[in-house]
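Please work through the exercises below with the sequence and the structure at hand. Each one gives a task and then a solution in steps.

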Amino acid sequence: MNLIPITMDGKRIEVPEGTSVMEAADLIGIDIPRLCHDPVLGSVGTCRLCVVEIDGMRNLRSSCNTKVTPEMVVHTGSQRVLESRRTMLELLLSDHPADCMTCEKMGDCKLAGYAYDYGVRKGAFAGAEHHYDLDDTNPFILRDPNKCILCGKCVRACQEITGKNVLGFAFKGFDTKATPWGDTTYDASECIFCGNCVAVCPTGALTEKAMQGQGRTWEVEKVRTTCSFCGVGCTVDLNVKDGKVVGVTSTDGTVNDLAMSVKGRFGWDYIYNERRLTKPLIKRDGRFEEASWDEALDLVASRLGDIRQRYGPGAFGALSSARTTNETNYLMQKFARGVMGTNSVDHCART
Ligand code: SF4
Ligand code: SF4
Ligand code: SF4
Ligand code: FES
């Protein structure tokens with residue numbers, strides 16, 4: 001690997017060739033603010049919040065899409081840089097509702113976080129403001145275009161992660177809008193409601209509908225687990241408040257990055273479905289009756305033993321599930337071979 005020597009904020013470092021200035025800063029713990037950049041998406045450099053000063057370059061450069069070059073000298077926190085970032089934030093807030101008090105994103109909002117860090121308030125640039133209708137048309141995603149900062153992450157997530165290309169930019173200038181093509185609603189578009197656009201949105205423009213009013217970010221514990229819907233096994237965060245799941249959000253899982261399916265992200269309410277079985281049932285005289293786990297397992301063991309004794313191991317086959325873990329599937333085939341004496345094992349994910 002070719003290492004490139006650079007100097008950042010007076011510190012001499014070497015980073016692999018092809019590293020961006022932002023990645024180099026991340027490597028040595030310098031925090032550069034970012035609104036449109038996400039490591040799982042392509043870099044477009046639209047928000048201009050990540051600008052840095054580079055010796056020998058007249059203009060400030062966006063660090064997310066500028067690659068390091070040998071002997072580059074970078075200043076990430078100069079007066080010029082800080083002023084530029086403040087101005088960018090002031091411009092963003094100029095057409096943004098002052099709605100943090102009731103906004104679902106509060107506590108997790110990048111825009112509010114940076115405004116606080118840089119001491120920026122609304123009002124520096126007075127002028128026209130948009131008053132768009134909310135898009136409340138679908139069961140899973142609440143879209144508030146008034147809180148959109150046009151970072152384009154949702155557009156890229158839909159293209160690059162989901163491969164659907166449902167979203168784009170409509171209109172021009174002040175009226176530019178990130179929206180489903182034709183400036184229609186989510187439910188009237190080709191959207192499959194995977195919610196990957198919601199996962200990357202840095203503001204309250206896209207939020208999970210079921211989580212509205214369920215608790216502030218700091219009241220919710222994130223419990224990392226594996227989605228149980230299919231064999232991909234995405235890493236997910238259960239959002240738990242007062243011992244109850246109030247939502248599912250994606251996290252930086254190695255299996256799926258931020259991507260999830262509509263089932264994994266929005267189908268979690270089965271947990272509290274009153275028809276869900278929570279105790280074993282045994283059929284007696286044609287009716288299912290609740291039983292203990294010991295009773296149920298004893299019954300299954302004795303019936304399986306009967307089958308093997310009466311008809312031989314060839315009468316038994318094991319069909320396992322993609323929704324269980326590798327370890328469980330391993331145990332199932334072990335049981336079939338070692339206990340029942342048959343190699344008739346199969347799996348629902350095999351086609
Ligand atoms: S999106 Fe962020 S800045 Fe805008 S109202 Fe919500 S919390 Fe406040
Ligand atoms: S909806 Fe969110 S992710 Fe999409 S452009 Fe607006 S702020 Fe960015
Ligand atoms: S929910 Fe999925 S398919 Fe629909 S716009 Fe967002 S990323 Fe695209
Ligand atoms: S994060 Fe670099 S331009 Fe937006």
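In which sense do strand 11 and strand 12 pair, and over how many bridges?

**Solution.** The model is predicted. Start by finding strand 12, which covers residues 244-250, and set strand 11 beside it: the two pair in the antiparallel sense, and 6 bridges join them. Next, look at one facing pair, in which lysine 241 stands opposite lysine 244 of strand 12. Finally, follow the chain through the hairpin of strand 11 and strand 12, where 2 residues lie between the strands and aspartate 242 takes a positive phi near 50°.

**Exercise 2.** Describe the pairing of strand 10 with strand 11, and name bridge partners.

**Solution.** Strand 10 spans residues 221-226 and strand 11 spans residues 235-241, and their pairing, again over 6 bridges, is antiparallel. To check the register, take lysine 222, whose bridge partner in strand 11 is asparagine 239, and then arginine 224, whose bridge partner in strand 11 is aspartate 237.

**Exercise 3.** Work out the order of the strands in the sheet, and explain why one side of strand 10 and of strand 12 is left without a neighbour there.

**Solution.** The 3 strands form an open sheet with antiparallel pairing, and their order is 10-11-12. Strand 10 and strand 12 stand at the edges and have a single partner strand each, so one side of each has no neighbour in the sheet. From one strand to the next, the twist averages 35°.

**Exercise 4.** Find which residues come nearest to ligand 3, and which elements give two or more residues to its shell.

**Solution.** Around ligand 3 there are 13 residues, of which Cys158, Lys164, Cys191, Cys194 and Cys197 come nearest. The elements that supply two or more residues to this shell are helix 4 (153-162) and helix 5 (196-200), and helix 4 gives the most, with 3 residues. Sorted by class, the shell around ligand 3 holds 9 nonpolar, 3 polar and 1 charged residues.

**Exercise 5.** Describe the surroundings of ligand 1 by residue and by class.

**Solution.** Ligand 1 is surrounded by 13 residues, and the closest are Cys100, Cys103, Cys109, Thr203 and Gly204. Divided by class, the shell around ligand 1 has 7 nonpolar, 3 polar and 3 charged residues.

**Exercise 6.** Give the bounds of the domains, and state what distance separates the centres of domain 3 and domain 4.

**Solution.** According to the domain assignment, the protein has domain 1 (3-77), domain 2 (123-272), domain 3 (277-310) and domain 4 (312-351). Taken over C-alpha atoms, the centres of domain 3 and domain 4 are separated by 19 Å.

Technical notes
Residues numbered from 1 in each chain as written. Chains lettered and ligands numbered in written order. Predicted model: local features only at pLDDT ≥ 70, side-chain atom pairs only at ≥ 80, totals over all residues. Near = placed C-beta within 6 Å. Nonpolar A, V, L, I, M, F, W, Y, C, P; charged D, E, K, R; others polar. Pairing = 2+ DSSP bridges. Helix = DSSP H or I, 4+ residues; strand = E, 2+ residues; numbered from the N terminus. Domains from an automatic or database assignment. Axes fitted to C-alpha atoms, helices over the stretch in contact; angles between N-to-C directions.
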